[in-house]
Amino acid sequence: MIRHTVAFRLRHPRGSAEENSFLAAGKALADIPGVERFEQLSQVSPKNAFHFGYSMEFADQAAYQSYNDHPVHVAYVRDRWVPEVEDFLEIDYVLLD
């Protein structure tokens with residue numbers, strides 16, 4: 001299992017229509033085959049500058065790669081993520097034995 005997580009901050013003002021539109025568009029990632037346990041998260045700690053997070057799981061590396069190559073994901077990154085995300089941290093975990 002791979003747990004894909006990303007914490008991010010948008011260029012848009014907090015609570016704006018643009019912010020809401022970005023997050024609404026992100027929900028389409030949950031429908032990509034192989035995505036399990038998709039969550040959109042809101043940061044509540046003042047310990048970092050990120051405001052949101054996405055978390056999802058994949059059964060294996062093949063499922064994760066298929067997600068990365070899927071046209072919906074590619075379009076979201078190109079059309080929304082790159083122009084609208086100010087900063088992010090991506091971490092992909094596997095369970096320790």
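Which element gives the most to the lining of the largest pocket? In this predicted model, that element is α3, with 4 residues in the lining. The pocket itself holds about 170 Å³ of space. Its lining is made up of 13 residues, and those closest to the centre are His-4, His-73, Val-77, Trp-81 and Glu-90. Helix α3 (71-84) has company here: β1 (2-10), β3 (52-58), α2 (61-69) and β4 (85-94) are also among the elements that each supply at least two lining residues. Sorted by class, the lining comprises 9 nonpolar residues, 3 polar residues and 1 charged residue.

The two helices that take part in this lining, α2 and α3, also pack against each other. Two packed helices are described by the angle between their axes and the distance between the axes. For α2 and α3, the angle is about 55 degrees and the axes lie 5 Å apart; the pair is therefore oblique. On the α2 side, the contact is made by Tyr-67, Asn-68 and Asp-69, while α3 contributes Pro-71, His-73 and Val-74. This contact has 3 nonpolar, 2 polar and 1 charged residues. His-73 thus appears in two settings, as a residue of the helix contact and as one of the residues closest to the pocket centre.

Attention now turns to a second histidine. His-12 sits in the loop between β1 and α1 (17-26). Its side chain makes a polar contact with the side chain of Glu-84, at 2.6 Å. Once neighbours within four places in sequence are left aside, the contacts of His-12 are with Glu-18, Glu-19 and Glu-84. Glu-84 belongs to α3 (71-84), the helix that gives the most to the pocket lining.

Methods. Residues numbered from 1 in each chain as written. Predicted model: local features only at pLDDT ≥ 70, side-chain atom pairs only at ≥ 80, totals over all residues. Heavy atoms only, no water. 1 Å grid on protein atoms, 1.4 Å probe; cavity = no way out; pocket = protein on both sides within 12 Å on 5 of 7 lines; lining within 4 Å. Points joined across faces, edges and corners; volume = space filled by probe spheres on them. Nonpolar A, V, L, I, M, F, W, Y, C, P; charged D, E, K, R; others polar. Axes fitted to C-alpha atoms, helices over the stretch in contact; angles between N-to-C directions. Parallel < 35°, antiparallel > 145°, perpendicular 65-115°, else oblique. Contact = heavy atoms within 4.5 Å. Polar contact = N/O pair within 3.5 Å; in protein donor to acceptor, adjacent residues only side chain to side chain.
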